[in-house]
Amino acid sequence: PALRAQHSAYVLNQLKGYAGGTRYGAPAAGSPVQVPAGAAIMNEIAGKLSDDDMKALAAYVQGLR
């Protein structure tokens, strides 16, 4: 998705969701819902970021034009 100029509060919330595994958690057994392939990658990457890193990244993304 296009991230340029996205509000930092939104980006921070999404990063925290990925890091916590709540942005795209594993679907329930037998569920037809498929988790996007990029979600697992984002869960791993965001999980390695500190809170300060997430805030800095969110501010950077907001500043992109």
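**A first reading lesson**

Colleague: Q14 lies in helix 1, but what are helices and strands when one reads a model like this one?

Modeller: Helices are DSSP runs of H or I with at least four residues, strands are DSSP runs of E with at least two, and both are numbered from the N terminus. Before we go on, please keep in mind that this is a predicted model, in which local features need pLDDT of at least 70 and side-chain atom pairs count only at pLDDT 80 or more, while totals for chains, interfaces and linings use all residues. Residues are numbered from 1 along each chain as its sequence is written, and side-chain values use heavy atoms, with hydrogens and water left out. In this protein there are three helices and zero strands, and reading along the sequence gives the pattern α-α-α.

Colleague: Is Q14 buried or exposed, and how would I decide?

Modeller: The general idea is a scale of relative accessible area, where under 20% means buried, over 50% means exposed, and anything in between is partly exposed, with a 1.4 Å probe and protein chains only. Q14 has 16% relative accessibility, so it counts as buried. Its companions among the buried residues of helix 1 are V11, L12, L15, G17 and Y18. By contrast K16, which also has its place in helix 1, is partly exposed because its relative accessible area is 41%. For the protein as a whole, 17% of the 65 residues count as buried.

Colleague: What do the buried residues of helix 1 pack against?

Modeller: Packing is read through contacts, and a contact means heavy atoms within 4.5 Å. The buried residues of helix 1 (8–20) pack against helix 2 (37–47) and helix 3 (51–63). K16 takes part in contacts too, for it touches D51 and M54 when residues up to four places away in sequence are not counted. One can also look at C-alpha atoms: those of Q14 and M54 are separated by 9.8 Å although the two residues are 40 residues apart along the chain, and those of K16 and G47 are separated by 8.3 Å with their positions 31 residues apart along the chain. Among the contacts with a separation of 6 or more, 69% join residues 24 or more positions apart.

Colleague: At what angle do helix 1 and helix 2 cross?

Modeller: Each axis is a line fitted to C-alpha atoms, for helices over the stretch in contact, and the angle between N-to-C directions runs from 0 to 180 degrees. Here the axes of helix 1 and helix 2 come within 7 Å and cross at roughly 100°. Angles under 35 degrees count as roughly parallel, over 145 as roughly antiparallel, 65 to 115 as roughly perpendicular and the rest as oblique, and helix 1 and helix 2 are therefore roughly perpendicular to each other. The contact involves L15, Y18 and A19 on helix 1, together with A39, M42, N43, A46 and G47 on helix 2.

Colleague: What span should helix 1 have?

Modeller: The expected span of a helix is 1.5 Å times one less than its number of residues. For the 13 residues of helix 1 this should give 18 Å, and the end C-alpha atoms are 18 Å apart, which agrees. Just after helix 1, G21 takes a positive phi of about 75°. A5, found in the segment before helix 1, has a phi near 65°, which is positive in a residue other than glycine.

Colleague: Which side chains meet in a salt bridge?

Modeller: Side chains of opposite charge can pair when their charged atoms come close. A salt bridge is counted when a side-chain nitrogen of Lys or Arg is within 4 Å of a carboxyl oxygen of Asp or Glu. A search of the whole structure finds one, in which the side chains of K48 and E44 meet at 3.5 Å, N to O. K48 is exposed, because its relative accessible area is 64%.

Colleague: Where does T22 lie?

Modeller: T22 lies in the loop between helix 1 and helix 2, and with a relative accessible area of 64% it is exposed. P36 is found in the loop between helix 1 and helix 2 as well, but at 35% relative accessibility P36 counts as partly exposed.
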